[in-house]
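Me: Got a minute to walk through this one with me? I'd like to start with a single residue and work outwards.

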Amino acid sequence: HLLHGSCNPIGGQTQLIKHRWGMEGNKMKFVGWPGFIKFALGENVKQSNAGDNAITRYPQTRMGVEQVYMNAFAKAREYEQKWKQFNSLNAKQKSAASAPRRDLEQDALVEILNAKRFITCHSYQQGEINMLMHLADSFGFKVNTFTHILEGYKVADKMKLHNAGASSFSDWWAYKYEVVEAIPYNGKLLNDMGIIVAYNSDDAEMARRLNQEAAKAIKFGGVSEEDALKFVTLNPAKLLHVDDRVGSIKTGKDADLVIWSDNPLSIYATVIQTYVDGICYYDVKTDLQK
């Protein structure tokens with residue numbers, strides 16, 4: 001799931017892909033998945049670490065970030081209502097009236113309000129996580145996924161009530177101030193609350209070894225092997241609303257498979273073969289011959 005950076009409260013659309021080695025970009029896109037949009041909270045958005053001269057851009061505070069959301073969704077509600085009023089007119093009335101001006105940003109926010117586009121939100125600190133859920137409830141929409149969410153363990157009960165999912169780092173912490181209260185038991189505690197939990201990575205190298213990230217859920221908190229594997233297979237598919245296609249081995253699903261030399265949760269496991277859509281994209285013997 002490809003996301004841009006986290007410098008704007010309301011960002012842009014995202015793209016789900018499959019790693020089909022050698023294919024051009026458009027042929028890597030996952031076909032038939034619902035639209036997502038990137039939101040962000042915290043130090044990145046309010047430019048906490050951008051230097052003393054970064055004082056001209058709004059918002060500069062966590063309260064300002066909240067106000068950005070309030071203003072945006074209030075405006076989107078007005079925009080939606082204008083179109084509803086226009087579309088309720090008969091043909092003669094429409095010909096005499098002016099249609100509302102089309103606004104692509106507002107269209108995206110209206111899709112969120114009507115559960116046709118889903119939010120994945122960069123987040124860390126409990127107060128902001130709670131704020132966005134409260135704001136979403138007041139406007140009648142849901143936050144689909146909080147990413148990173150390293151203080152999620154503090155608000156797991158509220159996330160469960162909101163039906164929000166969590167895509168967390170396994171054990172990253174203390175790399176900036178708002179992460180100082182992160183704990184490696186976060187995934188386990190969220191999982192115990194019945195929240196759909198996935199592990200992600202911002203690092204390209206670590207993203208290649210999410211099987212080992214999953215194993216950390218066993219080390220920190222004693223999550224079962226089955227649940228730990230779900231953190232990097234079925235649960236991400238559920239959060240992305242594509243679990244009918246991928247995420248587990250089942251008749252009728254895409255044949256995206258990895259054959260390992262050992263238990264995939266082991267650091268000693270190496271990949272023997274990789275299949276995407278039933279096509280062998282990697283074979284260790286062929287690779288050695290090359």
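Me: Is Phe 118 buried or exposed?
Reply: Phe 118 counts as buried, because its relative accessible area is 19% and the cut-off is under 20%. Keep in mind that this is a predicted model.

Me: Where is Phe 118 placed?
Reply: Phe 118 is in strand β3.

Me: What does Phe 118 contact, leaving aside neighbours within four places in sequence?
Reply: Pro 34, Gly 35, Phe 36 and Ile 37, plus Asn 144 and His 241.

Me: And how far is Phe 118 from Phe 141?
Reply: The two are 23 residues apart in sequence. In space, their C-alpha atoms are 9.5 Å apart.

Me: His 241 came up. What is the phi of His 241?
Reply: Positive, about 60 degrees, although His 241 is not a glycine. Most residues other than glycine have a negative phi.

Me: Where does His 241 sit?
Reply: In the loop between α10 (234-239) and β7 (257-260). His 241 is partly exposed, at 33% relative accessible area.

Me: Which other residues have a positive phi?
Reply: Asp 277 is one of them, at about 55 degrees, and it is not a glycine either. Asp 277 lies in the loop between β8 (271-276) and β9 (279-283). Its relative accessible area is 31%, so Asp 277 is partly exposed. Ala 115, just after α3, also has a positive phi of about 55 degrees.

Me: Back to β3. What about Ser 123, buried or exposed?
Reply: Ser 123 is buried, with a relative accessible area of 0%. Ser 123 belongs to β3, which covers residues 117-123.

Me: What packs against Ser 123?
Reply: Beyond neighbours within four places in sequence, Ser 123 contacts Leu 41 and Ile 129. Phe 146, Thr 147, His 148, Ile 149 and Leu 150 are also in contact with Ser 123.

Me: Now the sheet. What is the strand order?
Reply: β1-β2-β3-β4-β5-β6. The sheet is open, has six strands and shows mixed pairing.

Me: Which strands stand at the edges?
Reply: β1 (10-13) and β6 (197-199). Each has a single partner strand, so one side of each has no neighbour in the sheet. Neighbouring strands are turned by 25 degrees against each other on average, direction ignored.

Me: In what sense do β1 and β2 pair?
Reply: Antiparallel, over two bridges. β2 covers residues 35-40. Ile 10 stands opposite Phe 39 of β2.

Me: Which strands does α3 lie across?
Reply: β1, β2 and β3. The helix covers residues 104-113 and runs at about 95 degrees to β3.

Me: Why is α3 called largely enclosed?
Reply: Because seven of its 10 residues are buried. The buried residues are Gln 106, Asp 107, Ala 108, Leu 109, Val 110, Ile 112 and Leu 113.

Me: What covers the buried residues of α3?
Reply: The cover includes β1, β2 and β3, along with α1 (62-87) and α4 (126-139).

Me: What happens at the start of α3?
Reply: A side-chain oxygen of Asp 103 comes to within 3.0 Å of the backbone nitrogen of Glu 105.

Me: Last topic. Where is the cis peptide bond between a Tyr and a Pro?
Reply: Between Tyr 58 and Pro 59, with omega about 5 degrees. Pro 59 is in the loop between β2 and α1. Most peptide bonds are trans.

How values were computed:
Residues are numbered from 1 along each chain as its sequence is written. This is a predicted model: local features need pLDDT of at least 70, side-chain atom pairs count only at pLDDT 80 or more; totals for chains, interfaces and linings use all residues. Side-chain values use heavy atoms; hydrogens and water are left out. Helices (H or I, at least four residues) and strands (E, at least two) are DSSP runs, numbered from the N terminus. Buried means under 20% relative accessible area, exposed over 50%, partly exposed in between (1.4 Å probe, protein chains only). Contact means heavy atoms within 4.5 Å. Two strands pair if DSSP finds at least two bridges between them. Axes are lines fitted to C-alpha atoms, for helices over the stretch in contact, and angles run from 0 to 180 degrees between N-to-C directions. A polar contact is a pair of N or O atoms within 3.5 Å; within protein, one must be able to donate a hydrogen and the other to accept it, and residues adjacent in sequence count only if both atoms are side-chain atoms.
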